[in-house]
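Got your viewer open? Let's take a walk through this one together, one selection at a time.

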Amino acid sequence: MMEETGTASDTTQSSTDIFFHCSHCSASLVVDRAASGLTLNCQRCGQPTVVPRINDDARTAELVADLERQLRENESQRTEITNYINQLSIQLHRWQHRLTTLNNRNDQILADINDPSQTRKNEK
């Protein structure tokens, strides 16, 4: 929404507003930065007035730089976690192999306990 202001300043910017003058009646007006470049009707004279474009290149560049930094940080964390997963997968495989070996040894010992004669035949 466009509002008329009591100040007589040229096109200036605050953090969220655009201050400018109507091109028809020179009324001081203020709108949100989102209206940059739009044509709105003046509150005083009702004539269509173009809201000045605000150059947000510096802010856009800052946002892009911040997003790129976040992307690099995210990628670094993904790499770190992937390495942890790989290390743990290798360790899991080793423990599974060890468990299989112990189960086989356990089966052999139980078989020897249940049939001691087989043990003697295997020793010969």
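## Starting on the helix

Select Tyr84 to begin: with a relative accessibility of 46%, this tyrosine counts as partly exposed. Keep in mind that you are looking at a predicted model. Tyr84 sits in helix H1, which runs over residues 57–114. Now add Ile81 and Ile85 to your selection. Together with Tyr84, these two form a nonpolar patch on the surface, and the three share about 320 Å² of accessible area.

## Zoom out for a moment

Show the whole chain as a cartoon. You should find two helices and six strands. What pattern do they follow along the sequence? Reading along the chain, you get β-β-β-β-β-β-α-α.

Next, switch on the surface. The chain exposes about 9900 Å², and carbon and sulfur atoms supply 51% of that area. How much of the chain counts as buried? The figure is 14% of the 124 residues. And if you take the contacts between residues at least 6 apart in sequence, 30% of them join residues at least 24 apart.

## Into the core

Time to look inside. Select Ile18, Phe20, Cys22, Ala27 and Leu29, then add Val31, Ala35, Cys42, Val51 and Ile54. These ten residues make up the largest nonpolar core. Two strands to color here are E3 (17–21) and E4 (28–32), since each of them supplies at least two residues of this core. Here's a handy bit of background: in soluble globular proteins, nonpolar side chains tend to be buried together.

## Two cysteines side by side

Stay in the core and keep just Cys22 and Cys42. Are they buried or exposed? Cys22 is buried, with a relative accessible area of 3%, and Cys42 is buried too, at 4%.

It's tempting to draw a bond between them, and a disulfide is indeed a covalent bond between the sulfur atoms of two cysteines. So why is there no bond here? Try the distance tool on the two sulfurs. The sulfur of Cys22 has its closest cysteine sulfur in Cys42, 3.7 Å away, which is too far for a bond. The cut-off is within 2.5 Å. Go the other way and you get the matching answer: from the sulfur of Cys42, the closest cysteine sulfur is that of Cys22, at 3.7 Å, again too far. The disulfide count by this rule is zero.

## A stop in a loop

Now follow the chain from E3 to E4 and pause in the loop between them, where you'll find Ser26. What is its phi angle near? The value is near 65°, which is positive, in a residue other than glycine. Ser26 is exposed, with a relative accessible area of 52%.

## Back to the helix for salt bridges

How many salt bridges does the structure hold? There are three, so let's visit each of them in turn.

Select Asp66 and Arg69. Their side chains meet in a salt bridge, 2.8 Å from N to O. Why are these two about one helical turn apart? Because they are three residues apart in helix H1. Asp66 is partly exposed, with a relative accessible area of 30%, and Arg69 is partly exposed as well, at 39%.

Leave Arg69 selected and add Glu73. The side chains of Glu73 and Arg69 also meet in a salt bridge, this time at 3.3 Å from N to O. Here the spacing in helix H1 is four residues, so Glu73 and Arg69 are again separated by about one helical turn. Glu73 is partly exposed, with a relative accessible area of 42%. Show Asp66, Arg69 and Glu73 together, and you have a network of linked salt bridges.

For the last stop, pick Glu75 and Arg78. Their side chains form a salt bridge at 3.1 Å, N to O. Being three residues apart in helix H1, Glu75 and Arg78 are separated by about one helical turn. Glu75 counts as partly exposed at 39% relative accessibility, and Arg78 is partly exposed too, with a relative accessible area of 48%.

How values were computed:
Residues numbered from 1 in each chain as written. Predicted model: local features only at pLDDT ≥ 70, side-chain atom pairs only at ≥ 80, totals over all residues. Heavy atoms only, no water. Patch = residues over 30% accessible without salt bridge, like charges linked within 9 Å, V, L, I, M, F, W, Y side chains within 5 Å. Areas by Shrake-Rupley, 256 points an atom, 1.4 Å probe, with all protein chains shown as cover. Salt bridge = Lys/Arg side-chain N within 4 Å of Asp/Glu carboxyl O. Buried < 20%, exposed > 50% of the residue type's maximum accessible area, 1.4 Å probe, protein only. Core = buried A, V, L, I, M, F, W, Y, C linked by side-chain atoms within 4.5 Å. Contact = heavy atoms within 4.5 Å.
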